[in-house]
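Subject: Structure handover

Hello,

Here is the structure for you to look through. Please open it first, then read the notes below.

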Amino acid sequence: MPLMTLNDVDYSVGGPLLLDGVELSIERGERIALIGRNGAGKSTLMRLIDGELKPDDGEIRREQGVRVTRLEQEVPAGADGSVYDVVAGGLGDAGAALAEYHRLLHAEDYDALADVQARVEALDGWRIDQRVTEVLERLQLDGDAAFTRLSGGMKRRVLLARAVVSAPDILLLDEPTNHLDIAAIDWLEGFLKQWPGALVFVTHDRRFLRALATRIVEIDRGGLTSWPGDWDNYVRRREERLNAEAQEQSRFDKLLAQEETWIRQGIKARRTRDEGRVRRLKAMRLERSQRRDLTGNVRMAAASANASGKKVVEMQDVSFAFSERRLIQDFSTTIFRGDRIGLIGANGTGKTTLLKLLLGELRPQAGEVKTGTQLQIAYFDQYRATLREDWNALENVAEGQDFVEINGTRKHVIGYLQDFLFTPERARAPITRLSGGERNRLLLAKLFAQPSNLLVMDEPTNDLDVETLELLEELLGDYPGTLLLVSHDRDFLDNVVTSTLVMEGDGRVGEYIGGYEDWLRQRPQPGAALPGTTLAPKAAPVADAAPVVATPVAKRKLSYKDQRELEQLPLRIEQLEGDIARMTDEMNTAAFYQRDAGAIAAHGQQLQQAQDALEAAYLRWTELDQ
């Protein structure tokens with residue numbers, strides 16, 4: 001017998017029905033992935049299942065005694081106290097009594113402790129306390145830690161503990177991987193595979209979905225369709241369904257056009273008109289007016305700036321630490337124009353710190369960072385801090401202008417936002433009313449309106465639907481500049497980046513060719529843990545093997561002329577870099593643009609020649625120093 005059944009459920013928030021005649025049953029042990037475009041009604045359906053919302057029409061039947069718990073997308077405001085307090089808060093009166101007991105115990109308020117202890121015993125609180133302790137241990141959480149001082153990923157883990165501690169029959173998870181690092185996502189996959197109850201979840205992470213889903217339920221234009229939990233089969237079958245739907249609509253529209261032509265014929269035709277045919281035409285008109293067309297795709301284009309210098313960033317023996325915690329130790333790298341670099345690592349291992357060092361926002365405690373010339377940076381912030389809450393979507397993108405210019409084409413801001421699926425009404429609505437996916441689309445619209453040649457993106461995939469995610473992948477693949485990407489979406493990394501910087505702990509930063517899967521193959525210890533995690537100790541070997549000593553590869557012998565050239569190249573490179581820096585500084589002064597056009601053009605040509613010479617010098621140094 002199903003745990004819950006939705007029969008012919010309707011729900012509207014104004015305009016067309018968000019959910020129209022929905023039928024859904026949830027069985028014990030199922031893991032249902034809810035998918036659909038941003039704004040299609042996935043979170044609304046979860047709130048109906050949870051009982052927070054009531055349907056406008058239809059029926060929701062629950063098996064007697066069924067418990068439902070929901071993990072929301074965002075960390076709720078006002079959640080404070082210790083981790084134990086927040087987790088126990090999911091257990092009603094007994095949980096509240098336990099949380100109070102723990103607070104008084106730490107405060108050594110023994111007078112008040114006796115009364116609370118009596119309440120705990122009356123509510124069978126000690127058994128519940130054991131359950132809370134077990135969940136905290138399974139999720140590796142410190143019950144005494146202050147909730148407000150945790151990272152975003154750890155807060156999500158605490159809220160997950162709060163959701164599962166009551167052992168619900170139906171667990172609802174809305175974007176559970178948001179702000180989790182790769183290690184935590186892998187752990188969560190394993191945890192949820194062992195979940196005994198029913199699971200309904202929304203996620204943008206395609207690999208996470210493939211690993212968990214036993215059934216895929218799609219919300220499309222108010223209706224629900226159910227598919228077996230094979231993602232590739234769903235994609236193929238959905239394309240077949242949409243093609244059949246398009247053909248049927250084309251046939252219907254052609255017949256409607258013929259009937260409209262007939263009804264508009266002359267006086268003689270109207271005298272002999274078939275009234276039954278007229279009634280059928282009215283019915284066809286009504287059917288066409290009620291058709292809900294498929295939501296269009298986002299149309300993205302990034303405004304590109306003039307090319308940066310060939311060398312974008314150079315780091316030499318850089319170190320950085322907070323207190324006694326080493327984040328980066330003696331790290332050197334060079335990023336060239338056109339590189340697409342992914343940053344991988346557990347939360348708190350220093351990815352954001354490394355980004356800020358690369359961009360010059362932080363000064364290294366040791367070593368040197370040199371940024372290249374003519375850089376124009378666009379930054380995508382995972383916390384959406386660049387969006388002003390007191391402005392609507394239009395104002396956040398326009399910033400007082402009526403038009404934006406994308407690669408030489410001027411476009412009205414309203415039209416530009418329509419490319420990102422914002423209707424004029426939605427563009428003028430306060431952004432506090434926007435969903436998480438809509439806010440991310442707005443941030444992308446704001447970002448891509450800025451000319452850039454260095455794109456820095458910190459978790460851009462959160463809350464995006466799959467179609468928008470795939471379009472973003474295509475855009476980044478065609479982006480002509482340099483890309484620095486922080487993401488925990490493993491498929492997205494594989495599809496976008498060409499190399500990775502991995503925070504390996506204790507200040508080590510590893511460099512690898514390719515994306516996430518390539519890193520898994522190249523990392524020094526096959527089967528090693530993800531960054532930021534600890535492996536169980538391996539069994540001791542039966543006998544100590546003799547150490548293997550690598551035979552160094554002998555460097556080729558250079559001729560006297562080549563040796564002299566190699567010795568002089570560092571000085572040559574230093575001179576060229578100094579010339580480029582001087583010429584760039586000159587271009588940044590107001591007096592520079594008071595010269596005549598010929599002098600400005602000559603200066604630009606000299607700068608380009610210096611950059612070309614610097615690139616050739618680096619290539620020659622690489623050839624000789626082998």
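In which strand does E314 lie? E314 is in β10, which covers residues 311-322. Keep in mind that this is a predicted model.

**E314**

Is E314 buried or exposed? E314 counts as buried, because its relative accessibility is 16% and the cut-off for buried is under 20%. The side chain of E314 has a polar contact with that of K311, at 3.0 Å. Next, find S332. It is 18 residues from E314 along the chain. The C-alpha atoms of the two are separated by 7.5 Å.

**Positive phi values**

Here is some background. Most residues other than glycine have a negative phi. Now look at the following residues.

- D330 is not a glycine, yet its phi is positive, near 50 degrees. D330 sits in strand β11, residues 325-336.
- E175 is not a glycine either, and its phi is positive at about 50 degrees. Look for E175 in the loop between β6 (170-174) and α7. E175 is buried, with a relative accessible area of 4%.
- N407 has a positive phi of about 50 degrees and lies in the turn of a hairpin.

**The hairpin**

Which strands form that hairpin? They are β15 and β16, with 2 residues between them. β15 spans residues 403-406 and β16 spans residues 409-412. The two strands run antiparallel and are joined by 4 bridges. To check the pairing on screen, start at F403: it stands opposite H412 in β16.

**D169**

D169 is in the loop between α6 and β6. D169 is buried, with a relative accessible area of 11%. Which residues does D169 touch, leaving out those up to four places away in sequence? They are L3, R28, G65, V66, R67, G197 and A198. With R28, D169 also makes a polar contact: 3.4 Å between the side chains.

**Helix α12**

Why is α12 described as largely enclosed by the rest of the structure? Because 7 of its 9 residues are buried. This helix covers residues 351-359. Its buried residues are K351, T353, L354, L355, L357, L358 and L359. G360 follows α12 and has a positive phi, near 80 degrees.

**Cavities**

How many cavities of 30 Å³ or more does the structure hold? There are 2.

The largest has a volume of about 60 Å³. Its lining is made up of L71, R156, R157, L160, P176, L180, A184, W187 and L188. Two or more of the lining residues come from each of α6 (152-164) and α7 (182-193). By class, this lining has 7 nonpolar residues, 2 charged residues and no polar ones.

The second largest cavity holds about 50 Å³ of space. T177, H179, L180, I185, H204, D205, E459, T461, N462, H488 and D489 line it. By class, this lining has 6 polar, 3 charged and 2 nonpolar residues. Look for L180 on screen: it is in the lining of the largest cavity and in that of the second largest.

Best wishes

Technical notes:
Residues numbered from 1 in each chain as written. Predicted model: local features only at pLDDT ≥ 70, side-chain atom pairs only at ≥ 80, totals over all residues. Heavy atoms only, no water. 1 Å grid on protein atoms, 1.4 Å probe; cavity = no way out; pocket = protein on both sides within 12 Å on 5 of 7 lines; lining within 4 Å. Points joined across faces, edges and corners; volume = space filled by probe spheres on them. Nonpolar A, V, L, I, M, F, W, Y, C, P; charged D, E, K, R; others polar. Pairing = 2+ DSSP bridges. Buried < 20%, exposed > 50% of the residue type's maximum accessible area, 1.4 Å probe, protein only. Polar contact = N/O pair within 3.5 Å; in protein donor to acceptor, adjacent residues only side chain to side chain. Contact = heavy atoms within 4.5 Å.
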